[in-house]
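User: I'm new to this structure and would like a close look at one small spot, with the backbone as the starting point. Please then carry on from there to whatever else helps me find my way around.

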Amino acid sequence: MGNTYKQTMNLPQTDFPMRGSLPQNEPKRLEKWQEMDLYARVLEKNKDGEPFVLHDGPPYANGPIHIGHAFNKILKDIIVKDRAQRGYYAPYVPGWDCHGLPIENKVEDQLGPEKMKQIDTPTFRRICRDYATKQLDGQREGFKRLGVQGEWNNPYLTYLPEYEAGNIKIFKKLYLDGSIYRGRKPIHWCSHCHTALAEAEIEYADETSPSIYVKFLFTQAPAAFAPAIEAAGLEQAQTGVVIWTTTPWTLPANQAVSLAPDADYVMALVDGQLLLMAQELAPALAQTAGWGELEFLSLDGQTVVVKGDQLKGQTYVHPILPGETGVVLTGTHVTLDTGTGAVHTAPGHGVDDYKVCQANGIKDIKMPVDDEGRFYEGSCLWAGLSTNDANPQIIAWLKEQGTLVAHVDISHSYPHCWRCHEPVIFRATTQWFVSMDDTNLRANASRAITDQVTWYPAWASNRIGAMVQDRPDWCISRQRLWGVPIPVFKCAACGETVADEATFDAVIELFETKGADAWYSHEPKDFLPAGTICPHCGAGVDQLVSEQDVLDVWWESGVSHTSVCEARDYLQRPADVYLEGSDQHRGWFQSSLLTSVAAYGIPPYKNVVSCGFTVDENGEKMSKSKGNGIDPADVVAKFGADVLRLWVSSVDYSVDVRISESILKQVSDAYRKFRNSFRFLLGNLNDFDDLKDAVTSWDDLEPVDQYMMIQTLELLQEVEKSYDQFHFNGVYRAVYDFMNNASAIYMDVAKDRLYSEAPNSPRRRAVQTVLMNMLEVLVRILAPILSFTADEVWENYPEAIRTREGRPVTVFEAGWPAKADFMPAIPEDVSGLKSGFAALMDVREVVTKALEDARTSKVINKSQEAAVAVAAPDELLAVLQGFDAAVLEELFIVSKVELSQGQELSAVVSAATGEKCPRCWNVTELGGNPNHADVCKRCGDVLDQLA
């Protein structure tokens, strides 16, 4: 374009910069939002809208936020902003889990052992609270920097009085209904942390353990084998059973041997002893023990085979403790996958062992191991040793006794404490439990999972369903100080538990008014009703002692449906959405489900969205030791929060998601495309007033304009569907493809009308009308994702629109676009235009390829210099002939298009005849306007209008 005519062109003008400078500008926008109290403004705008509650799962108040935190909170923010944009009343109350072992450990480390010996419980709890508060304050600022809107000044904290009281309300309901009981049974126990652990607090890692095979000698020969023994003349031979275990340290607690009831068992003659084993596993056992070929006890030439059920009640000499005996039982938990088919059974150290012993009347459980994982004095030969240290000594002792058959070390998956990452043990202790079956909780929760909740992804239903189906009773007591006390009392006179509706209500009132700390600074007589007595022995209130165990932190977070959603009148229970990592199927999702179903009979949520974990670009877990972690603070400092938010929207969050510097650079490139598209729209709308300049009739739009309007509406509909299904990478992909296509086709095609037509030309205003519709849709549907950028775009609208009285101040108050908002209105039936343009797009692709070839061979320089001859089969030719030649010339961005019939679609490019217009650069005839002989007629007419 000659400089002579540059000032006559409608070139883009906007203050919206090409570079976002997000790290510098986003904090300024955050200040603006905070000053105007944007969160409250949006709620006020939507106060009459349908409620929508995404209930926040509380992160642990310990340490700065990491990339997983950022991923989680941005996903939630996208959901809440989308619903708010669509008019829902969508409050978001962030929360923090403030109790628990990690904080206790941190405080203990800070105080040191000497101070810990001297400090009282109220003081210790105050220090824990101060530590948690400091941690959550840092995390809060990190989340706000990501653009997450919410009730940051009034979050829910599990140490606040009203939250603590909610725990007691649910405990009261479950206890009085018979769901909670106190019992002595094996649970996961962390000897390092000195506390019980729930299933959700267990992680698995490989451990090397001693796998041993041991002979347990029978007190007398099994009756089922007696005839064969007598016939073989082996009445004097010792008889016994070979067991297999990977926990030698549990042998002192042995009380039984379990067999599979329907399995076949045989006795083999080994070194003069008759040893019982499962027939199916005998060859493998012989190989492990180095016995060679086995000789089985037989009768009349046939190996004697006995079912496990026939051996029930057989007794044996205890393998460790002199003078004691054990009994043979049968249980369905015994399998023939490995071992011997005879399972060493210690009910104090295993859930299956406990169950089979309880079912067979063995109620008195041995427990020789203390809280630190050491054998009690007098319990066995290894008193004072830890279980790990005792293992090799027990094996050596068994070898000396001649009862060790074989010893092989194996590597296997073993439970570890999720806090200290040390191996745990199963240990029978007296704890508080929620029964899964006494009040049908398991069945009711399973029914809720399948019938009352929608799971994203859908397979998550099977995952949590299997976990609920297989889980043991829930151990809810912990032997710690920093938590919510279990709200019951022990009678000092008779030792029985004292708890009824009146005592629970008194505790609820105490916690609501003074917080759970009062449990440790007040005696029961200070807050229990006058006249409270032990119903078992009649002892008075002054004989009652407060329970010292605290509730499991998963219980605490699990009752948030009551302590938060029920307690705050602007929220609702059940919540519309819970969203957390996939590990929460055995954590918060499950504890929330169980407490809600047990207390109210319904799940606490309508929809559950689970996300994967953040991993590095190689798919490896992030860790400090590997140096592959990504700090969200570093990301926003380099790229900006909107780039991080765009990354979140671009990935399939239902699986583990990869992030790295190189991945973020790719996302940053995509962000620039989005930004440049917005800049094009704003720049070419700078002189547009939709109330005065918009084309109001569909028929006044040119076909390519109409097609772009339809594409924009379909984008809106696709995005709505993706948002509804929490399919955010569907939103990202749809918008990304739309912008790419619009940039490559419509924006490119429209430049001639935008730049070269007269400012008020109907043809130019038609394009601007389309661009305005595109902008109105894009800025709103991207606001939940690109929050900072969308609001910046909103501020840079054309002046006539931006300064209009009553216009929403921010894009978040602008509402959601609808088909009815499109101007001009889009007809109901546009199928003909869509099918016609689908054919045109196929032709355009062929023409574009031909133009590229022509440029390469120097036939033309720019497409405007080309004449294109298109040959097409009859059916396609008819479609092309249905459009004016000017439509095709504009769509292909060429000077001339000729159509003809051909066997197949083809395009031939030649240099167009005519001269290049120095103003619009199209090749055509010049001089059509006598006042401007050196330009084309169109440009001459425009120059007349501008004169």
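Analyst: Let's start with Asp 300, which sits in the loop between β12 (298–299) and β13 (302–303). Keep in mind that what you're looking at is a predicted model. What is the phi of Asp 300? It is positive, about 55°, even though the residue is not a glycine. That deserves a second glance, since most residues other than glycine have a negative phi. Is Asp 300 buried or exposed? Its relative accessibility is 74%, and exposed means over 50%, so Asp 300 counts as exposed.

Now hop back along the chain to Asp 37, another non-glycine residue with a positive phi, again near 55°. Its loop runs between α2 (22–36) and α3 (38–45). The surroundings here read a little differently: at 42% relative accessibility, Asp 37 lands in the partly exposed class. Then there's Ile 893, which follows α31 and also has a positive phi, near 55°.

While we're on the backbone, look at the peptide bonds too. Most of them are trans, but a cis bond joins Tyr 456 and Pro 457, with omega at about -5°. You'll find Pro 457 in the loop between β20 (454–456) and α13 (460–470). Another cis bond runs from Arg 573 to Pro 574, and there omega is near 5°. Pro 574 is part of the loop between α18 (560–566) and β27 (575–581).

Back to Ile 893, because the helix before it has a story of its own. Which residues of α31 are buried? They are Val 887, Leu 888, Glu 890, Leu 891 and Phe 892. The cover over these buried residues includes the helices α24 (703–724), α25, α26, α29 (831–856) and α30 (874–881), along with the strand β32 (896–901).

Take Phe 892 as the example; it belongs to helix α31, which spans residues 885–892. Its relative accessible area is 4%, so Phe 892 counts as buried. Setting aside residues within four places in sequence, Phe 892 touches Leu 840, Val 843, Arg 844, Val 847, Leu 851 and Val 897. Val 843 is 49 residues away from Phe 892 in sequence, yet their C-alpha atoms are 9.1 Å apart in space.

One of the elements covering α31 is α26, and that helix (residues 762–781) holds Thr 769. With 2% relative accessibility, Thr 769 is buried too. What does its side chain reach? It gets to the backbone oxygen of Arg 765, at 2.7 Å. Beyond its neighbours within four places in sequence, Thr 769 is in contact with Phe 688, Asp 693, Ala 694, Val 695, Met 823 and Pro 824.

Another of the covering elements is α25, which takes us to a helix pair. Two packed helices are described by the angle between their axes and the distance between the axes. For α21 (residues 641–650) and α25 (residues 728–756), the angle is about 105° and the axes are 6 Å apart. That makes the two helices, α21 and α25, roughly perpendicular. At the meeting point, α21 offers Leu 646, Ser 649 and Ser 650, and α25 offers Phe 728, Asn 729 and Tyr 732. By class, this contact of α21 with α25 splits into three nonpolar residues, three polar ones and no charged ones.

For another pair, go to α5 (residues 101–118) and α6 (residues 121–145), which pack at about 140° with axes 9 Å apart. That angle makes them oblique to each other, and α5 passes α6 in a right-handed crossing. On the α5 side, the contact is made by Ile 103, Glu 104, Lys 106, Val 107, Glu 108, Gln 110, Leu 111 and Met 116, while α6 brings Phe 124, Ile 127, Cys 128, Tyr 131 and Ala 132. The tally for α5 with α6 is nine nonpolar, one polar and three charged residues.

Last stop: Lys 144, which is also in α6. Is Lys 144 buried or exposed? The cut-off for buried is under 20%, and Lys 144 has a relative accessible area of 19%, so it counts as buried. Leaving out residues up to four places away in sequence, Lys 144 touches Leu 30, Gln 34 and Trp 152.

Conventions: Residues are numbered from 1 along each chain as its sequence is written. This is a predicted model: local features need pLDDT of at least 70, side-chain atom pairs count only at pLDDT 80 or more; totals for chains, interfaces and linings use all residues. Side-chain values use heavy atoms; hydrogens and water are left out. Axes are lines fitted to C-alpha atoms, for helices over the stretch in contact, and angles run from 0 to 180 degrees between N-to-C directions. Helices (H or I, at least four residues) and strands (E, at least two) are DSSP runs, numbered from the N terminus. Angles under 35 degrees count as roughly parallel, over 145 as roughly antiparallel, 65 to 115 as roughly perpendicular and the rest as oblique. A crossing is left-handed if the near helix is turned anticlockwise from the far one by less than a right angle, and right-handed if clockwise. Contact means heavy atoms within 4.5 Å. Ala, Val, Leu, Ile, Met, Phe, Trp, Tyr, Cys and Pro count as nonpolar, Asp, Glu, Lys and Arg as charged, and the others, Gly among them, as polar. Buried means under 20% relative accessible area, exposed over 50%, partly exposed in between (1.4 Å probe, protein chains only). A polar contact is a pair of N or O atoms within 3.5 Å; within protein, one must be able to donate a hydrogen and the other to accept it, and residues adjacent in sequence count only if both atoms are side-chain atoms.
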